[in-house]
Amino acid sequence: MSTDNTDEKSAVESQSPGESQSPGESQSPSEPQGAGGRGLKLHHLRPAPGAHKAKTRVGRGEASKGKTAGRGTKGTKARNTVRLGFEGGQMPLYRRVPKLKGFSNAGFGTSYQVVNTGRLAQLFPEGGDVTPENMVARGAARKGELIKVLGTGDLPVALRVTAHAFSATAVEKIERAGGTVTALS
């Protein structure tokens with residue numbers, strides 16, 4: 001007779017009559033159910049062995065980092081913090097850069113979305129009216145910005161073009177194709 005059979009008999013005999021236990025149930029009803037039948041609590045969590053390293057306490061005697069506390073010897077950085085923007089006595093950046101000197105018209109310039117006549121020929125092959133709204137709808141320009149038509153590319157169809165500005169070459173090509181030009185103010 002093998003020992004396995006005796007273990008099974010003793011396990012069956014230890015159960016009270018009329019009580020059957022499924023493999024997932026725990027032995028006592030008062031024990032909480034959870035992962036593995038024991039329950040996992042936050043206060044049971046611990047870091048892996050060797051994962052936690054104690055902070056080095058500097059300046060506490062010459063055994064480790066005591067005397068200079070890892071700051072080396074002498075100098076500004078050993079004694080105190082260096083203020084923000086300090087460049088070691090060199091003329092600092094905030095004094096090298098000039099402060100609001102002179103006048104510039106750069107902020108007053110007008111910027112346009114550029115659309116070429118060749119692009120208009122691709123977007124409107126049948127001809128007709130070309131307005132800023134049509135150009136925005138067909139992806140030639142962004143909404144709410146000024147549009148200037150330039151004369152790069154051929155224009156085989158007659159277009160009635162309305163835009164905020166035109167180059168002289170664009171006006172010539174549009175009128176040569178039989179179209180008209182209207183500048184918005």
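Three strands form an open sheet in the order S1-S3-S5, with parallel pairing. Strand S1 (113–116) and strand S5 (165–166) stand at the edges with a single partner strand each, so one side of each is left without a neighbour in the sheet. The model described here is a predicted one.

**The sheet and strand S3**

As a general point, strands of a sheet pair through backbone hydrogen bonds, either parallel or antiparallel. In this sheet, S1 and S3 run parallel and are joined by 4 bridges. Strand S3 (residues 147–150) also pairs with S5 in the parallel sense, over 2 bridges.

Val-149 takes part in the pairing with both partner strands: Val-115 stands opposite Val-149 in S3, and Phe-166 is the bridge partner of Val-149 in S5. For Lys-148, the bridge partner in S5 is Ala-165.

The side chains along S3 alternate between two faces. Ile-147 and Val-149 point to one face and are buried, whereas Lys-148 and Leu-150 point to the other and are not buried.

Ser-167 is placed in the loop between S5 and H6. With a relative accessibility of 16%, Ser-167 counts as buried, because the limit for that class is under 20%. Apart from neighbours within four places in sequence, Ser-167 is in contact with Lys-148, Val-149, Leu-150 and Gly-151.

**Overall composition**

The secondary structure of the protein comprises 6 helices and 6 strands. Along the sequence, these elements follow the pattern α-α-α-β-α-β-α-β-β-β-α-β. Of the 185 residues in the protein, 18% are buried. Among contacts with a separation of 6 or more, 40% are between residues 24 or more positions apart. The exposed area of the protein is about 14900 Å², of which carbon and sulfur atoms supply 52%.

**The nonpolar core**

The largest nonpolar core has 19 residues. Those with the most contacts inside this core are Leu-120, Val-130, Met-135, Val-149, Leu-159 and Val-161. Helix H4 (117–123), S3, S4 and H6 are the elements that give two or more residues to the core. Val-149 therefore appears both among these core residues and on the buried face of S3, where buried means under 20% relative accessible area.

Val-130 touches Leu-120, Phe-124, Met-135, Leu-159, Arg-160, Val-161 and Thr-162, when residues up to four places away in sequence are not counted.

**Salt bridges**

Side chains of opposite charge can pair when their charged atoms come close. A search of the whole structure finds 5 salt bridges. The table lists some of them.

| Side-chain pair | N to O distance | Relative accessibility, in the order of the pair |
|---|---|---|
| Asp-129 and Arg-160 | 2.5 Å | 43% and 44% |
| Arg-176 and Glu-172 | 3.0 Å | 60% and 47% |
| Arg-96 and Glu-87 | 3.1 Å | 42% and 30% |

The side chains of Asp-129 and Arg-160 meet in a salt bridge. Asp-129 lies in strand S2 (residues 128–130) and Arg-160 in strand S4 (residues 159–163), so this pair ties together parts that are 31 residues apart in sequence. Asp-129 is partly exposed, and Arg-160 is likewise partly exposed. Arg-160 is also one of the residues that Val-130 touches.

Arg-176 and Glu-172 both lie in helix H6 (residues 168–176), where they are 4 residues apart, about one turn of the helix. In this pair, Arg-176 counts as exposed, while Glu-172 counts as partly exposed.

In the pair formed by Arg-96 and Glu-87, Arg-96 counts as partly exposed, and Glu-87 is partly exposed as well.

**A nonpolar surface patch**

Leu-40, Leu-42 and Leu-45 make a nonpolar surface patch of about 380 Å². Leu-40 is found in the loop between helix H1 (3–14) and helix H2 (76–79). At 65% relative accessibility, Leu-40 counts as exposed, because the limit for that class is over 50%.

Methods: Residues are numbered from 1 along each chain as its sequence is written. This is a predicted model: local features need pLDDT of at least 70, side-chain atom pairs count only at pLDDT 80 or more; totals for chains, interfaces and linings use all residues. Side-chain values use heavy atoms; hydrogens and water are left out. Two strands pair if DSSP finds at least two bridges between them. Patches are made of residues with over 30% relative accessible area and no salt bridge: like charges are joined within 9 Å, nonpolar side chains (Val, Leu, Ile, Met, Phe, Trp, Tyr) within 5 Å. Accessible areas come from the Shrake-Rupley method with a 1.4 Å probe; for residues, only the protein chains shown count as cover. A salt bridge is a side-chain nitrogen of Lys or Arg within 4 Å of a carboxyl oxygen of Asp or Glu. Buried means under 20% relative accessible area, exposed over 50%, partly exposed in between (1.4 Å probe, protein chains only). Contact means heavy atoms within 4.5 Å. A nonpolar core is a set of buried Ala, Val, Leu, Ile, Met, Phe, Trp, Tyr and Cys residues joined through side-chain atoms within 4.5 Å.
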